[in-house]
Amino acid sequence: MKQVVPDNLFVPFRTIQLSDTYPGDDNVREAFEAMIEDMGQSDAATEKLKKFDNKKRWAFIQNQAMTYASLPSPECLIKYITMNNYQHLNVSTITSLHLYLKQQPISWAEQFVASKGHNFLIELISKYDKEDKYKNLHKDKAQLELFHFIFQCINDLENIAVCQNQILEEERLLPSLFKA
């Protein structure tokens with residue numbers, strides 16, 4: 001995935017310091033189990049991964065550590081999108097957010113919600129509701145596409161139990177969604 005946040009603002013999601021040498025079977029097994037649980041894969045995909053021998057598990061852990069380091073932290077992405085009065089709010093950044101929420105570790109989405117990232121999505125939806133802009137949304141293809149992905153992001157968050165609870169606690173969201 002293309003890097004959304006410029007290098008000068010980039011803060012990695014997670015940096016994992018791995019040993020240059022094999023840390024032992026028990027440590028590999030423990031780290032591997034934690035990583036695949038965080039990935040939120042289907043049962044079939046998880047079972048396939050669990051069949052890896054420890055060498056493959058170690059290679060998987062090393063690969064995931066590099067992936068984590070290449071992801072922007074949720075706070076970093078929120079800051080980038082909302083800086084300078086939402087200067088970087090566009091279809092591309094919201095599409096990237098949707099892909100992060102859908103395809104990256106569950107902990108990324110949980111950290112996004114813990115950082116109140118869902119609030120800016122809800123604020124955008126509420127703003128359109130207050131300004132009664134939904135009725136003309138179909139006339140502006142770019143705005144329609146933007147809101148499609150904003151709603152996708154909300155949907156992505158609702159598929160994760162911890163995130164779902166936070167979304168449902170937002171009193172502004174449901175009335176705005178019903179009007180959308």
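**Cysteines and a helix pair in a predicted model**

The structure, which is a predicted model, holds 0 disulfides.

Colleague: How many disulfides does the structure hold, and why is Cys 76 not in one?

Modeller: A disulfide is a covalent bond between the sulfur atoms of two cysteines, and here a pair counts as one if the sulfur atoms lie within 2.5 Å. The closest cysteine sulfur to that of Cys 76 belongs to Cys 153, and because the two are 16 Å apart they are too far for a bond. The sulfur of Cys 163 also has its closest cysteine sulfur in Cys 153, at 12 Å, which is likewise too far for a bond. The number of disulfides in the structure is therefore, by the cut-off of 2.5 Å, 0.

Colleague: Is Cys 163 buried or exposed?

Modeller: A residue counts as buried when its relative accessible area is under 20%. Cys 76, with a relative accessible area of 7%, is buried. For Cys 163 the relative accessible area is 0%, so Cys 163 is buried.

Colleague: How are helices H5 and H8 oriented to each other, roughly parallel or roughly antiparallel?

Modeller: Helix H5, residues 91-103, packs with helix H8, residues 141-158, at an angle of about 20 degrees, and their axes are 9 Å apart. Angles under 35 degrees count as roughly parallel, so H5 and H8 are roughly parallel.

Colleague: Which class, nonpolar, polar or charged, has 10 residues in the contact of H5 with H8?

Modeller: Among the residues that meet are Ile 94 and Leu 97 in H5, and Phe 149 and Cys 153 in H8. By class, the contact of H5 with H8 has 3 polar residues and 3 charged residues, while the class with 10 is nonpolar.

How values were computed: Residues are numbered from 1 along each chain as its sequence is written. This is a predicted model: local features need pLDDT of at least 70, side-chain atom pairs count only at pLDDT 80 or more; totals for chains, interfaces and linings use all residues. Side-chain values use heavy atoms; hydrogens and water are left out. Buried means under 20% relative accessible area, exposed over 50%, partly exposed in between (1.4 Å probe, protein chains only). Axes are lines fitted to C-alpha atoms, for helices over the stretch in contact, and angles run from 0 to 180 degrees between N-to-C directions. Helices (H or I, at least four residues) and strands (E, at least two) are DSSP runs, numbered from the N terminus. Angles under 35 degrees count as roughly parallel, over 145 as roughly antiparallel, 65 to 115 as roughly perpendicular and the rest as oblique. Contact means heavy atoms within 4.5 Å. Ala, Val, Leu, Ile, Met, Phe, Trp, Tyr, Cys and Pro count as nonpolar, Asp, Glu, Lys and Arg as charged, and the others, Gly among them, as polar.
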